[in-house]
Amino acid sequence: VSTSRHHMFGVDCSNGELLWTYDIAINNDGDHANTPVYDAPYIYNVTNDKNGVGAIKLELSPDGTSVKEIWTNEDVKNEMGGFILEDNKLFVTTENKYLNVVDPADGKVLERVRSPYGGLIFADDKFICYGTTGDVTLFNYMNGKIVQGGRFKVTMGSKEHFSHPVVANGVLYIRHGEALMAYRIK
């Protein structure tokens with residue numbers, strides 16, 4: 001399962017046969033760089049087409065040859081690296097600068113917390129968002145609650161803040177242009 005500029009699609013890996021497509025770009029006017037997330041038998045994705053579907057939940061048929069739309073939420077949109085399925089909830093950053101907690105059962109937003117818009121990762125009960133403006137915010141996630149922790153601004157590097165943060169061995173790595181920064185997470 002993957003995405004193109006206009007569709008999400010399924011391919012038979014044994015022979016390359018196209019099994020199904022699902023339109024994600026109504027006006028073909030957005031970037032769709034998120035990787036779909038599979039949680040059997042469901043597929044989740046989030047798009048950012050101005051008039052598009054936004055957050056999506058599809059059900060994959062048992063033989064993998066078709067999908068059925070379960071829900072869409074046009075108000076929850078993200079174009080790259082800004083959604084995670086964790087603790088039976090979708091967590092999505094959006095351009096209006098919120099971290100949205102979405103109920104996978106019906107696609108409704110359960111909670112919103114102020115957040116940068118950008119790449120989102122989850123490690124050691126923490127969400128870390130590297131925003132497109134260079135703002136980085138850490139959110140502690142305990143007992144189903146999101147509480148803002150530390151935050152800082154990336155000051156080194158150049159051009160767009162589009163890279164995805166990475167955590168390894170208690171260290172947060174962020175690349176901005178040709179600069180690579182490492183921050184110990186406490």
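Start with the enclosed space: this predicted model has one cavity of 30 Å³ or more. Its volume is about 30 Å³.

To find the cavity, select its lining. Begin with Met80, Gly118, Gly119, Tyr130 and Thr132, which are among the lining residues. Then add His161, Phe162, Ser163 and His164, which also line the largest cavity. Colour the selection by residue class. Three of the lining residues are nonpolar and six are polar. No charged residue lines this cavity.

**Next stop: the open sheet**

Now show the strands as a cartoon. Select strand 12 (118-123), strand 13 (126-131), strand 14 (135-142) and strand 15 (145-153). These four strands form an open sheet in the order 12-13-14-15. The pairing is antiparallel.

Which strands stand at the edges? Strand 12 and strand 15 do, each with a single partner strand, so one side of each has no neighbour in the sheet. Turn the view to look across the strands. Neighbouring strands are turned by 20° against each other on average, direction ignored.

Zoom in on strands 13 and 14. How many bridges join them? Five bridges do, and the two strands run antiparallel. For one of the residue pairs, select Lys126 together with Asn140: Asn140 in strand 14 is the bridge partner of Lys126.

**Next stop: the largest pocket**

Stay with strands 14 and 15. Each gives two or more residues to the lining of the largest pocket. The volume of that pocket is about 220 Å³.

Select the lining in two steps. First take Lys97, Arg114, Ser115, Pro116 and Thr133, which are among the residues that line the pocket. Then add Asp135, Val136, Thr137, Gln148, Arg151 and Phe152, which belong to the same lining. Colour by class again. This lining divides into three nonpolar, four polar and four charged residues.

**Last stop: the cysteines**

Select Cys13 and Cys129. Is each one buried or exposed? Cys13 is exposed, with a relative accessible area of 81%. Cys129 is buried, at 0%. For reference, buried means under 20% relative accessible area and exposed means over 50%.

Finally, look for disulfides. A disulfide is a covalent bond between the sulfur atoms of two cysteines. With a cut-off of 2.5 Å between cysteine sulfur atoms, the count in this model comes to zero disulfides.

Terms used
Residues numbered from 1 in each chain as written. Predicted model: local features only at pLDDT ≥ 70, side-chain atom pairs only at ≥ 80, totals over all residues. Heavy atoms only, no water. 1 Å grid on protein atoms, 1.4 Å probe; cavity = no way out; pocket = protein on both sides within 12 Å on 5 of 7 lines; lining within 4 Å. Points joined across faces, edges and corners; volume = space filled by probe spheres on them. Nonpolar A, V, L, I, M, F, W, Y, C, P; charged D, E, K, R; others polar. Buried < 20%, exposed > 50% of the residue type's maximum accessible area, 1.4 Å probe, protein only. Pairing = 2+ DSSP bridges. Axes fitted to C-alpha atoms, helices over the stretch in contact; angles between N-to-C directions.
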